[in-house]
Amino acid sequence: RLMPTPYALLHRRSAGRLTNGPASAAAFGGLAVISVSLVALGVLTASAGHTKAGAVLSANAVESANAVEANDACTNGFPADFVWGLGTAAYQIEGGWNATNRSPSIWDVFSHTKGAVAGGDTGDVADDVIHRWRDDIALMSTLGLKHYRFSLSWSRMMSWDGHSMVPNEPGIAWYSDFLDGLLEAGITAHVTLYHWDLPQALHEHRGGWHTPDNERILTEFEAYATLAFERLGSRVATWFTFNEPWTFTVSGYSAGNHAPGCVPAQAGRGPCAGGDVTPYVVSTNVLNAHARAVAVYRTRFAATLGGRISITLNCEFARPLTNSAADAAAAERALQFWLGWGLEPLLSG
């Protein structure tokens, strides 16, 4: 039998005690949650502990993580090449739910489901970046911002034609103009392909992330990534395939408090009928989709575009509450389920 769902297991402390959250970051050489994500990428050396990605998984690596070579760090402890910037997600800020021929995503459907979101809030308008983007770039410039990470809406880049997703030229043109605006302002673009907003049509008609070994969703994601690289890649410094797979895998397909709102208790046929197995199915498909996109970029685009590609993994770092073996095991188990779940397959295959 498969282990309990990740959400349940992470909150089980009977076999040991641990501390987690921002307060525990100091035990890892000042490594905060965002630093864990960037170290896991293998793209940006963002760890104040200057730690190799694999060391993040081991509770025994805490002490060694504190060793920082003086010539690699700024006076504030961050590496000299640490990239400071801001980041956003398409559904959280864009608005324009049907502008540029955009079609619904699972978050459109979820947020319009009664009781799903506090206050009945939706992303229909959000920050209205779709219409105010020039003003927003001007505001970024006043802040002295040099790096900006944002995500593409798959539902804006492509449209469902009844059989598959096809390029949506008005949406592609909007992103092209936005990237040109960032470039003119001297702001480097870092772009996420997927920040939790799967096109609803793929969820309903192509099995989404929740169908085991779903070649259809892998093919669709590869086509989407290829389109983005072809049409936008010359102006993007870093590509991120997925933002925090753990979050949308557990919250969307186990806890049910994010789109598409699946919970293990749901029975019968349909997108959410996989029960406890579903989060693992979703994660497997996501990792395989990541591999497809990375392979395409590295073989077809990296040499000519000169950019980089990886993934963003989140982790609430945990350390043992005491020196006991049980507490050490609890911390290790938490790290494995937060970060190891996504990172280990990328390191070991």
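This report walks through one predicted protein model, from its overall make-up to a few local details.

**The big picture**

Let's start with confidence, since this is a predicted model. The mean pLDDT of the protein is 82, and 77% of its residues reach 70 or more. Residues 1-70 are another story: the pLDDT there is below 50, although this stretch still has 145 contacts in the model beyond near neighbours in sequence.

As for the building blocks, you'll find 12 helices and 9 strands. The protein has 349 residues, and buried ones make up 52% of them. Look at contacts with a separation of 6 or more, and 75% of them come from residues 24 or more positions apart.

**The sheet**

A good place to get your bearings is the open sheet. It is made of 5 strands in the order β2-β3-β6-β7-β8, and the pairing is parallel. At the edges stand β2 (86-87) and β8, each with a single partner strand, so one side of each has no neighbour in the sheet. Helix α9 (residues 215-232) packs on this sheet, where it touches β6, β7 and β8. The direction of α9 makes about 160 degrees with that of β6.

Another helix, α7 (residues 169-184), lies across β3 (147-151) and β6. Relative to β3, α7 runs at about 170 degrees.

**A closer look at β7**

Is strand β7 buried or exposed? Buried: 6 of the 6 residues in β7 (residues 238-243) fall under the 20% cut-off for relative accessible area, so the strand is largely enclosed by the rest of the structure.

Strand β7 has a partner in β6 (residues 188-194), and 4 bridges join the two, which run parallel. It also pairs with β8 (residues 308-312), again in the parallel sense and over 4 bridges. You can follow these pairings residue by residue. Trp239 of β7 stands opposite Val191, and in β8 it stands opposite Ile309. For Phe240, the bridge partner in β8 is Ser310.

Phe240 has another companion worth finding on screen. Arg149 lies over the face of the Phe240 ring, at 4.8 Å from the ring centre.

**Aromatic rings**

How many aromatic pairs does the structure hold? There are 28 of them. One of these is formed by Phe82 and Trp84: the rings are 4.6 Å apart, centre to centre, with 50 degrees between the planes, which makes the pair tilted. The two partners differ in how much surface they show. Phe82 counts as buried because its relative accessibility is 13%, under the 20% cut-off. Trp84 is exposed, since its relative accessible area is 54%, over the 50% cut-off.

Elsewhere, one aromatic cluster is formed by Trp154, Tyr194, Trp209, Phe221, Tyr224, Phe242 and Phe248.

**Loops with something to see**

The loop between α10 (245-255) and α11 (278-305) is home to Val263. Which residues does Val263 touch, leaving aside its neighbours within four places in sequence? They are Ser254, Ala255, Gly256 and Cys272. Val263 and Gly275 are 12 residues apart in sequence, while their C-alpha atoms are 6.9 Å apart in space. With a relative accessible area of 26%, Val263 is partly exposed.

Pro260 is found in the loop between α10 and α11 too. A cis peptide bond joins Ala259 and Pro260, with omega at about 5 degrees.

Two other loops each contain a residue that has a positive phi without being a glycine. Here they are side by side:

| Residue | Loop | Phi |
|---|---|---|
| Asn101 | between α3 (90-93) and α4 (106-111) | about 60 degrees |
| Ala126 | between α4 and α5 (129-143) | near 50 degrees |

Ala126 also counts as partly exposed, because its relative accessibility is 34%, a value between the 20% and 50% cut-offs.

**Putting it together**

If you want one route through the model, begin at β7, whose 6 residues are buried. From there, step across to β6 on one pairing and to β8 on the other. Then look for α9, the helix that packs on the sheet and touches those strands. Finish in the loop between α10 and α11, where Val263 sits and where Pro260 is found.

Technical notes
Residues are numbered from 1 along each chain as its sequence is written. This is a predicted model: local features need pLDDT of at least 70, side-chain atom pairs count only at pLDDT 80 or more; totals for chains, interfaces and linings use all residues. Side-chain values use heavy atoms; hydrogens and water are left out. Buried means under 20% relative accessible area, exposed over 50%, partly exposed in between (1.4 Å probe, protein chains only). Two strands pair if DSSP finds at least two bridges between them. pLDDT is the predictor's confidence in each residue, from 0 to 100. Contact means heavy atoms within 4.5 Å. Rings of Phe, Tyr and Trp (its six-membered ring) pair if their centres lie within 6.5 Å; planes under 30 degrees apart count as stacked, over 60 as edge-to-face and the rest as tilted. A charge sits over a ring if NZ of Lys or CZ of Arg is within 6 Å of the ring centre and within 35 degrees of the ring normal. Axes are lines fitted to C-alpha atoms, for helices over the stretch in contact, and angles run from 0 to 180 degrees between N-to-C directions.
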